[in-house]
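Thanks for coming, everyone. I have one chain to walk through today. Let me put it on the screen.

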Amino acid sequence: MIFGRSQRGKPPVEPVTLKILVAGGFGVGKTTLVGAVSEIRPLRTEELLTEAGRPVDDVSGVEGKHTTTVAMDFGRITLREDLVLYLFGTPGQERFWFMWDELSEGALGAVVLADTRRLEDCFAAVDYFERRSIPFVVGVNCFEGAARYPAETVRQALDLDADVPLVMCDARDRESVKEVLIGVVQHAMTQAADRRRAVTT
């Protein structure tokens, strides 16, 4: 950049910034997803799991997990020169759910990350976004060693509306995560267009 203009002589592009939430159950891979795709060093608010938290922190299926997010994860990704996504990972444990209302303020949409070994852990996130009419995509995080199920089987188990996208993903893989995020933006734009048409007809 030279004096506020690009070297090609074009004025600098002021990107549109969009807020996306990443939600789901405890240990489903939200922090991993944000870290895999963020172009900045992610802000993390993780604390060690302790004996004091054992009665309320269910680590069934994620016995190797030693930390938990207590406020949020934050990352950023530029999808295009004119489109930047800010990612906010929500806490997965019920005792931190009071943070969700603050984090969801102004969000374009959300990713609900699911683990087929503990599918019931994402029910609360699905319900939360449905009740608030926040567009969301379900991303099934394909953990190593976890059974693979057809997308339609998972959709039925979650009792998702027909228009809610469901995709298989790997929260560790940048390209896989990018596809999920693009899906959220597209789904939110489609819903917004449908609402506009409903108003004008």
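I will go from the overall fold to two core residues, then to the charges, and finish with two backbone angles.

One caution before we start: this is a predicted model.

Start with the fold. The chain has 5 helices and 7 strands. How does the pattern read along the sequence? It goes β-α-β-β-β-α-β-α-β-α-β-α. The chain has 201 residues, and buried ones make up 43% of them. The exposed area is about 11200 Å². Carbon and sulfur atoms supply 53% of that area. Now the contacts. Take those between residues at least 6 apart in sequence. Of these, 71% join residues at least 24 apart.

Next, two residues from the interior. Look at Ile-77 in strand S3. Is Ile-77 buried or exposed? Its relative accessible area is 0%, so Ile-77 is buried. What does Ile-77 touch, leaving aside neighbours within four places in sequence? The list includes Val-37 and Glu-39. It also includes Leu-83, Val-84, Leu-85 and Leu-87. Further along the sequence, Ile-77 contacts Arg-174, Lys-178 and Leu-181. There is also a C-alpha distance to note. Ile-77 and Ile-40 are 37 residues apart in sequence, and their C-alpha atoms are 7.9 Å apart.

One of those contacts, Val-84, gets its own look. Val-84 sits in strand S4, residues 83–89. Its relative accessible area is 8%, so Val-84 is buried. With the same sequence neighbours left out, within four places, Val-84 contacts Pro-15, Val-16, Thr-17 and Leu-18 among others. Arg-76, Ile-77 and Thr-78 are also on its contact list. Val-16 is 68 residues away from Val-84 along the chain. In space, their C-alpha atoms are separated by 6.1 Å.

Now the charges. Side chains of opposite charge can pair when their charged atoms come close. How many salt bridges does the structure hold? There are 10. I will take three of them.

The first on my list is Glu-39 with Arg-76. Their closest N and O atoms are 3.0 Å apart. This pair links distant parts of the chain. Glu-39 is in the loop between helix H1 (30–37) and strand S2 (43–48). Arg-76 is in strand S3, residues 67–80. The two are 37 residues apart. Glu-39 is partly exposed, at 35% relative accessibility. Arg-76 is partly exposed too, at 29%.

Next, Asp-115 with Arg-117. Here the N to O distance is 2.9 Å. Which side of the pair is buried? Asp-115 is, because its relative accessibility is 1%. Arg-117 counts as partly exposed, at 38%. This pair does not stand alone. Asp-115 and Arg-117 join Arg-118 and Asp-121 in a network of salt bridges.

Then Arg-155 with Glu-152. The closest N and O atoms are 3.9 Å apart. How are these two placed in helix H4? They are 3 residues apart there, so about one helical turn separates them. Arg-155 counts as buried, at 16% relative accessibility. Glu-152 is partly exposed, at 44%.

Not every charge belongs in that part of the talk. Which residues form a negative surface patch? They are Asp-127, Glu-130, Asp-159, Asp-161 and Asp-163. Keep an eye on Asp-159. Asp-159 lies in the loop between helix H4 (151–158) and strand S7 (166–169). At a relative accessible area of 62%, Asp-159 is exposed.

Asp-159 returns in the backbone section. Its phi is positive, about 55°, although Asp-159 is not a glycine.

Ser-133 is another case. Its phi is near 55°, again a positive value in a residue other than glycine. Where is Ser-133? It is in the loop between helix H3 (123–131) and strand S6 (136–141). At 57% relative accessibility, Ser-133 counts as exposed.

To recap. We saw Ile-77 and Val-84 as buried residues. We saw 10 salt bridges in total. And we saw Asp-159 both in the negative patch and with a positive phi. That is my tour. Over to you.

Note on methods: Residues numbered from 1 in each chain as written. Predicted model: local features only at pLDDT ≥ 70, side-chain atom pairs only at ≥ 80, totals over all residues. Heavy atoms only, no water. Patch = residues over 30% accessible without salt bridge, like charges linked within 9 Å, V, L, I, M, F, W, Y side chains within 5 Å. Areas by Shrake-Rupley, 256 points an atom, 1.4 Å probe, with all protein chains shown as cover. Salt bridge = Lys/Arg side-chain N within 4 Å of Asp/Glu carboxyl O. Lys, Arg positive; Asp, Glu negative; His and termini not counted. Charge placed at Lys NZ, Arg CZ, Asp CG, Glu CD. Helix = DSSP H or I, 4+ residues; strand = E, 2+ residues; numbered from the N terminus. Buried < 20%, exposed > 50% of the residue type's maximum accessible area, 1.4 Å probe, protein only. Contact = heavy atoms within 4.5 Å.
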